[in-house]
Amino acid sequence: MMRQVFIRFYLTVVLCFLVSSLLIGGLYKQMIERTNQRYLSDMFLSTVSLIEKELGDLPQSMWHDEASRLRGKLPVPVDIESLDAYVLSQENQESLERGDIILLKDRGLYLHRIHQTKQMVVLGPIPFLQSLDGISWPDILALVLMCLALGIPTWLWLRPFWRDLIQVIRQSRRLGAGDFSVRVNLEDSSPLAALGSNFNRMAHDVEELTASRRAMIDAVSHDLRTPLARLRYRLEAIKAGANSQSQVEGIERDLGQIDQLIDEWLTMSSLDSPQLRMEVQPLEIVPWLQRLLGEYTLDGAEPTFENTTGQESPLLDVDSYYFGRAVGNLLSNARRYGGKQIHVTLLWQDGTATLHIDDNGDGIPVEDRARLLQPFTRLEGSRNKATGGFGLGLAIVAMIMRGHGGAVSILDAPSGGARLSLTWPTPMRSVDSL
């Protein structure tokens, strides 16, 4: 295969070289011919003037002898011939009789009639004119040697290229076989460095996606197994004559848990779809947030809210459905894991809005914060799966905020608990100005 690639590439280079050589050679030949034509014409006129001056008053019968004597003094062969010494075309014959200079390319001769005589000066033959009209064997040999010499740089360039390409092909086969940990190691100077970087990024994304899907399947199967086992137990208890009312209520709770898991799973799948587009519209966010916070009142303890945007009734661009889902997930987590005190703060600065949701719980360890934004991830300890949930809430929030062009971050709250911050770009307008 390497041989085929080399031959194709080499033939392409040689063909381009030959075509360019012929084009450049043709242009160079025309330029040289024009230059030499002018040079030879000037030389011929000078020679004719010299001959006519030397012949002077000599009789025409002595012109041949005088031309023979002058040959050693002139740069090219010169002779005196009659006008009918050569068979010329009608056009050339008429030009010659008018006193023009005639070129016989096939013989390398210049002809010029001596004024008011039947004689003409013959300049030549000139071998240089004949060499311009053909390609000699040294020229062919030089072209062949240059074509062969092109094989050396072609091979030197193609060999590292082929080596890197073989590595990419080999690793792609391993990736196709299911080994998603493979990577290619190419030098920055390699012509395939960009391809190798894209391959490594793709392999990393596929590896993460596969791990995420595997974790999702494991988590879903685990979270479904528990309520299904309880359902089976309650049905057996009803068959055995247990209190059916309490068992039916338990069955309804288990079915609600299964329904909640499926709803969150479908929500995450829809958010992960590339076709999903957020319907972002201006929203009067302060009363909207206050209504949402009222739904999370527990034992008379309603979450507190603070608007620090500088506008009494700001309008911010959000998708009210999905953004409400994100805020609801964070409030639910804060109520479930963080204690009774929840404080929400709305800020806006330089085109970016921020919503802080603080609780007074135990907080979240720094080393676990990035991991919690992945699907089906839950903390051990104070915020563990024993308190409920499927590990999808924060992952859904992260997807919703990416859809808004923003992000979710986990920090430390001033009260010592956890602070979940939503940030997204949006202009801020006032209801009063509208």
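Arg107 sits in the loop that links strand S2 (102-104) to strand S3 (109-113). This is a predicted model, and in it Arg107 comes out as partly exposed, because its relative accessibility is 43%, a value between the 20% and 50% cut-offs. Pro125 lies 18 residues away along the chain, yet its C-alpha atom is 6.3 Å from that of Arg107. The rest of this briefing goes through the sheets, the helices that pack on them and the nonpolar cores.

**The five-stranded sheet**

- Here we have an open sheet with mixed pairing, and its five strands come in the order S6-S8-S9-S11-S10.
- Strand S6 (304-307) and S10 are the edges, each with pairing on one side only.
- On average, and ignoring direction, neighbouring strands are turned by 20° against each other.
- The parallel part includes S6 and strand S8 (residues 342-349), which share four bridges; one of the matched pairs is Thr304 with His343 in S8.
- Strand S9 (residues 352-359) runs antiparallel to S11, and seven bridges hold the pairing. Asp358 has Arg419 in S11 as its bridge partner.
- On the other side, strand S10 (residues 407-412) is antiparallel to S11 too, with six bridges, and Leu411 stands opposite Arg419.
- S10 and S11 make a hairpin with five residues between them. In that turn, Gly416 has a positive phi of about 100°.
- Is strand S11 mostly buried or exposed? S11 (residues 418-425) is mostly covered, with six of its eight residues buried.

**The three-stranded sheet**

- This open sheet is antiparallel, with the order S5-S7-S12.
- Its edge strands are S5 (281-284) and S12 (428-430), each pairing on one side only.
- From one strand to the next, the twist averages 40°.
- Four bridges connect S5 with strand S7 (residues 314-318) in the antiparallel sense, and Gln281 is matched with Val318 in S7.

**Helices on the sheets**

- Helix H9 (residues 285-294) packs on the three-stranded sheet, where it touches S5 and S7, and its direction makes about 65° with that of S5.
- H9 also packs on the five-stranded sheet, touching S6, S8, S9 and S11, with its direction at about 170° to that of S6.
- H10 lies across S8, S9 and S11 and runs at about 25° to S9.

**The H10/H12 pair**

- Helix H10 (residues 320-337) and helix H12 (residues 393-403) have axes that come within 9 Å and cross at roughly 150°. That angle is over 145 degrees, so the two helices count as roughly antiparallel.
- The crossing is left-handed.
- On the H10 side, the contact includes Tyr322, Phe323, Arg325 and Ala326; on the H12 side, Ile396, Val397, Ile400 and Met401 are among the residues involved.

**Nonpolar cores**

- As general background, nonpolar side chains tend to be buried together in soluble globular proteins.
- The largest nonpolar core has 40 residues, and those touching the most other members are Ile285, Phe323, Val327, Leu355, Leu422 and Trp424.
- Which residues does Phe323 contact, leaving aside its neighbours within four places in sequence? They are Ile285, Trp288, Val318, Leu355, Ile400, Met401, His404, Leu422 and Trp424.
- A second, separate core has 10 residues, including Tyr86, Leu96, Leu104 and Met120.

Methods: Residues are numbered from 1 along each chain as its sequence is written. This is a predicted model: local features need pLDDT of at least 70, side-chain atom pairs count only at pLDDT 80 or more; totals for chains, interfaces and linings use all residues. Side-chain values use heavy atoms; hydrogens and water are left out. A nonpolar core is a set of buried Ala, Val, Leu, Ile, Met, Phe, Trp, Tyr and Cys residues joined through side-chain atoms within 4.5 Å. Buried means under 20% relative accessible area, exposed over 50%, partly exposed in between (1.4 Å probe, protein chains only). Contact means heavy atoms within 4.5 Å. Two strands pair if DSSP finds at least two bridges between them. Axes are lines fitted to C-alpha atoms, for helices over the stretch in contact, and angles run from 0 to 180 degrees between N-to-C directions. Angles under 35 degrees count as roughly parallel, over 145 as roughly antiparallel, 65 to 115 as roughly perpendicular and the rest as oblique. A crossing is left-handed if the near helix is turned anticlockwise from the far one by less than a right angle, and right-handed if clockwise.
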